[in-house]
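Subject: Handing over a structure

Hello,

I am passing a structure on to you and hope you enjoy looking through it. Please open it first, and then read on with it in view.

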Amino acid sequence: MENNQSELVSQPAPEVVMGAPVLKNKKLVISIIILFFVAALGFAFAFYSGTFVTLPTLLKTSMEKAKTTTSATYDVTFNADFSEIKDVTNQLSGLSFVGGNTSQMAFSFRGSYDLADRNNVKHSSTLSLGLGSLSLESEFKLINKIFYVKLTKYPLMAKMFLPTLSTYENKWFSLPYEATKAVSGELTADQKDKITKLSENAHLIKALAKLSPETVSGEPSYHFSFDLDRGGIVAYINSLKDYAATLSKNNPDLSEVNTKTITESMDKIKDFKGEIWIGRNDQLVHKITVSFAVQPDATKDEKVKVNMVAIFSDYNKPLEITAPAGSTPFSDIMPALMSPVKVKEMK
């Protein structure tokens with residue numbers, strides 16, 4: 001017995017034996033904390049870069065949010081280079097009154113809109129068009145259901161066909177908005193809703209890659225590259241054609257639109273590249289860039305090269321859009337515009 005008691009007394013204390021498991025538990029807790037911290041960082045980066053976001057989902061959300069925006073500013077520029085189209089460049093170079101680079105055409109559309117008061121929609125924009133030395137620029141406004149237009153720049157050669165044009169330069173003219181709607185053909189609310197739904201369900205583009213996020217107009221934005229969804233575009237146009245046929249059953253132009261003609265038109269578009277930036281916080285489109293070429297004749301290696309950049313900003317911010325100080329009713333100048341043009345004979 002004495003020997004057994006001495007052996008028991010000489011054994012290590014239980015606390016010493018339990019020291020290893022306690023140390024292992026501490027390491028496990030620390031490892032879990034580190035893994036959680038790394039996972040949180042990874043999730044934050046994935047959220048910022050759009051790893052869990054898809055372009056189709058973003059576009060659908062963006063379209064819904066765009067309906068509720070009360071204001072915005074836009075800047076759209078469009079350039080076309082048709083220097084490869086020999087027939088066009090030869091014809092333009094032969095026109096003595098067209099100087100400069102006649103193989104480049106530039107178009108821009110800049111402005112802003114205010115929809116805060118749906119009974120008084122406000123819109124202000126500037127449109128400019130340039131081809132060589134020829135340039136055209138005009139301003140437009142829509143305020144209190146009155147449409148205003150002002151011609152600020154026009155080609156000098158226009159005076160040959162409309163000698164009185166100089167008297168209208170830099171002057172505002174007005175036209176009731178109801179009259180402009182009558183000319184364009186107004187759709188009912190149900191018809192607009194139907195077309196909107198067809199557009200929302202359309203597949204017009206497809207994402208190629210998620211690119212590094214960027215800040216556009218002060219808004220951190222997801223960034224995608226995309227291509228045309230040619231099959232989706234054909235289906236969308238056919239759906240619009242079928243619906244338009246129900247509104248105008250006797251329109252002969254609609255019968256000429258079919259899948260074959262649409263596909264042939266799409267086949268003329270070459271080298272398409274597109275990028276889009278959608279706000280991470282507001283989920284609205286802030287920038288779109290597109291470049292492509294159009295090959296009018298498949299038998300000729302000639303293409304029109306097109307580039308477009310559209311930037312949108314100031315969503316839901318207060319904008320000041322005011323009516324011109326004075327304007328002349330468009331009906332007052334109609335007789336002069338409709339009168340026969342007399343061009344002097346060249347000797």
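Below is what was found, going from the sheet to the pocket, the aromatic rings and two loop residues.

Before anything else, please keep in mind that this is a predicted model.

**The sheet**

A good place to begin is the open sheet, which is formed by 12 strands with mixed pairing. Its strand order is β7-β8-β9-β10-β11-β1-β2-β3-β4-β5-β6-β12. Which strands stand at the edges? They are β7 and β12 (328-329), and each has a single partner strand, so one side of each is left without a neighbour in the sheet.

As general background, strands of a sheet pair through backbone hydrogen bonds, either parallel or antiparallel. You can find both kinds here. β10 and strand β11 (residues 304-313) run antiparallel and are joined by 8 bridges; to see one of the partnerships, look at T289, whose bridge partner in β11 is V309. Strand β5 (residues 146-153) is also antiparallel to strand β6 (residues 172-176), with 5 bridges between them, and there Y148 has S174 in β6 as its bridge partner. On the other hand, β6 and β12 run parallel, joined by 2 bridges. In that pairing, F173 stands opposite T328 in β12.

**The largest pocket**

Next, have a look at the largest pocket, with a volume of about 920 Å³. Its lining is made up of 33 residues, and L59, M63, L204, I205 and I276 are the ones that lie nearest its centre. Both helices and strands contribute: the elements that give two or more residues to this lining are α4 (55-67), β1 (71-81), α8 (189-200), β7 (205-216), β8 (219-228), α9 (230-247), β9 (269-279) and β10 (285-294). Which element gives the most? That is α4, with 7 residues.

Sorted by class, the lining of the largest pocket holds 24 nonpolar, 6 polar and 3 charged residues.

L59 deserves a short stop of its own. This residue is in helix α4, and it is among those nearest the centre of the largest pocket. With a relative accessible area of 22%, L59 is partly exposed. Its C-alpha atom is separated by 8.4 Å from that of Q283, although the two residues are 224 residues apart along the chain.

**Aromatic rings**

Searching the whole structure turns up 4 aromatic pairs. One of them is Y74 with F109: their ring centres are 5.4 Å apart and their planes are at 35 degrees, so this pair is tilted. Because Y74 lies in strand β1 and F109 in strand β2 (residues 104-114), the pair ties together parts that are 35 residues apart in sequence. Are the two rings' residues buried or exposed? Y74 is buried, at 9% relative accessible area, while F109 counts as partly exposed at 28% relative accessibility.

Another pair is F272 with F292, whose ring centres are 6.2 Å apart and whose planes are at 25 degrees, so the pair is stacked. F272 lies in strand β9 and F292 in strand β10, so here the parts tied together are 20 residues apart in sequence. F272 counts as buried at 15% relative accessibility, and F292 as partly exposed at 22%; the cut-off matters here, because buried means under 20% relative accessible area. F272 and F292 also belong to a cluster, in which ring pairs link them with F226.

A ring of another kind of contact is worth finding as well. The charged end of K287 sits over the ring of W277, 4.8 Å from the centre of that ring.

**Two loop residues**

Finally, please look at S217 and D314. S217 has a positive phi of about 55 degrees although it is not a glycine. You will find S217 in the loop between β7 and β8, where it is partly exposed with a relative accessible area of 45%. D314 likewise is not a glycine and has a positive phi of about 55 degrees. Its place is the loop between β11 and β12, and D314 counts as partly exposed at 29% relative accessibility.

Happy exploring, and best wishes.

Methods
Residues are numbered from 1 along each chain as its sequence is written. This is a predicted model: local features need pLDDT of at least 70, side-chain atom pairs count only at pLDDT 80 or more; totals for chains, interfaces and linings use all residues. Side-chain values use heavy atoms; hydrogens and water are left out. On a 1 Å grid over the protein atoms alone, a cavity is a set of points where a 1.4 Å probe fits but cannot get out, and a pocket is an open set with protein on both sides within 12 Å along at least five of seven lines; lining residues have an atom within 4 Å of a point. Grid points are joined across faces, edges and corners, and a volume is the space filled by probe spheres set on the points. Helices (H or I, at least four residues) and strands (E, at least two) are DSSP runs, numbered from the N terminus. Ala, Val, Leu, Ile, Met, Phe, Trp, Tyr, Cys and Pro count as nonpolar, Asp, Glu, Lys and Arg as charged, and the others, Gly among them, as polar. Rings of Phe, Tyr and Trp (its six-membered ring) pair if their centres lie within 6.5 Å; planes under 30 degrees apart count as stacked, over 60 as edge-to-face and the rest as tilted. Buried means under 20% relative accessible area, exposed over 50%, partly exposed in between (1.4 Å probe, protein chains only). A charge sits over a ring if NZ of Lys or CZ of Arg is within 6 Å of the ring centre and within 35 degrees of the ring normal. Two strands pair if DSSP finds at least two bridges between them.
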